[in-house]
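Trainee: I keep reading labels like "buried" and "salt bridge" without checking them. Can we go through some and see what earns each one?

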Amino acid sequence: MTIQWFPGHMTRARREIQEKLKLIDVVIELLDARLPLSSRNPMIDEILQGKPRMIVLNKADLADPAVTEKWVTYFKNEGITAFPIDASNGTRVQDIPAQAKVLFHDKIQKQLNRGMKPRAIRGLIVGIPNVGKSTLINRLAGRNIAATGDRPGVTKGQQWIKIGTEMELLDTPGILWPKFEDQEVGYRLAVTGAIKEQVINIEDVAFFAIKYMTQYYWDTLQERFELTKKPEDLDVPDEIVQVMEEIGRKRGCIMSGGRVDLEKTSGVILRELRAGKMGRFSLEVPLSFML
Ligand code: G4P
């Protein structure tokens, strides 16, 4: 489900997270490994007010592993521990309680020094819609807890879910909004399905995706659709449209009269991309690695 974010929603979402922050020790900031910055809330530092946190790059199974490694280093340089996971399959999700222990180590030590039995570390997952918050909560809990598609303002009783013996997780995640100022960010989010096509024109999104894939992942694109000709100039829109038309013909997206149905073709392109059928890809690389 996509939320249309208006200022009122943002204020409410922020207030809800800040209420939850009072209860917790550690924040698990969930980002999409394919686009960590575009899937990041622009006000996150201000919202978290210095709470200890880790960054978890979800859907790493869909992202380009070499680029994901660069993002891990990028966040490390920013002073935040980050690691990739795949919440659907459970890959590396156990690093979350392990990292929580590292972040909380000093407090645990203090409690031990005072002869107290350390209490469970309390965590909260935060992230934009569709990033995989509910999937991760269910995976960590080992059962179905969170209803997918939670919305800000839709409150339900909060409960603690035990993760092993040393951690507890709030069962409702903190829902954040993505950045909206930048059109490129909007397109990247739309390619992954985080913004639905009702908000952005589907043909524009598929055009953006094909242009990007042609530039950075041409071999996989070519192989998938057995394309014949690589565009020579990516800045000539017609050349990109020709690639889309070839894909449309290969997939039988033809209108009466024999013309390619670009809207239908765009749907095919985005479905296959999102399902990982065009291989693993990342939609952004840290700027520091591009210089
Ligand atoms: P949310 O609570 O943050 O809104 O996200 P949610 O868990 O509902 O996950 C959104 C979609 O992303 C789901 O797809 C879910 O299966 C998928 N997903 C979550 N984590 C991963 C992951 O690590 N890898 C992959 N490949 N997919 C993941 P969906 O059920 O198909 O829903 P929809 O997006 O088609 O509506």
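Mentor: Sure, let's take the labels one by one, bearing in mind that this is a predicted model.

Trainee: Start with Arg 34. Why is Arg 34 called buried?

Mentor: Its relative accessibility is 2%, and buried means under 20%, so the label fits. Arg 34 sits in the loop between strand 1 (26-32) and helix 2 (44-48).

Trainee: What makes the pairing of Arg 34 with Asp 32 a polar contact?

Mentor: The two side chains come to 2.8 Å, and the cut-off for N or O atoms is 3.5 Å, so the pair qualifies. Leaving aside neighbours within four places in sequence, Arg 34 also touches residues including Lys 59, Phe 281 and Glu 284.

Trainee: Glu 284 again. What makes Glu 284 and Arg 188 a salt bridge?

Mentor: Their closest N and O atoms are 3.0 Å apart; the limit is 4 Å, so they pass. The pair joins helix 7 (residues 183-192), home of Arg 188, to the segment after helix 11 (262-274), where Glu 284 lies, 96 residues apart. Both Glu 284 and Arg 188 are buried.

Trainee: And Asp 235 with Lys 211, which has a longer-looking number: what makes that a salt bridge?

Mentor: The N to O distance is 3.7 Å, and within 4 Å is what counts, so the label holds. Asp 235 is in the loop between helix 9 (218-225) and helix 10 (237-250) and Lys 211 is in helix 8 (residues 202-216), so the pair ties together parts 24 residues apart in sequence.

Trainee: How do you know whether Asp 235 is buried or exposed?

Mentor: Asp 235 has 63% relative accessibility, and exposed means over 50%, so Asp 235 is exposed. Lys 211 has 27%; partly exposed covers what falls between 20% and 50%, so Lys 211 gets that label.

Trainee: Which residues form a network of salt bridges?

Mentor: Glu 29, Arg 40, Asp 45 and Arg 53 are linked that way. Within it, the side chains of Glu 29 and Arg 53 meet at 3.0 Å, N to O, and both residues are buried. The structure holds 17 salt bridges.

Trainee: Now the ligand. How close does the side chain of Ser 134 come to an oxygen atom of the ligand?

Mentor: A polar side-chain atom of Ser 134 lies 2.7 Å from that oxygen, and 3.5 Å is the cut-off, so this is a polar contact. Ser 88 has a polar side-chain atom 3.3 Å from a ligand nitrogen, so by that cut-off it passes too.

Notes. Residues numbered from 1 in each chain as written. Predicted model: local features only at pLDDT ≥ 70, side-chain atom pairs only at ≥ 80, totals over all residues. Heavy atoms only, no water. Helix = DSSP H or I, 4+ residues; strand = E, 2+ residues; numbered from the N terminus. Buried < 20%, exposed > 50% of the residue type's maximum accessible area, 1.4 Å probe, protein only. Polar contact = N/O pair within 3.5 Å; in protein donor to acceptor, adjacent residues only side chain to side chain. Contact = heavy atoms within 4.5 Å.
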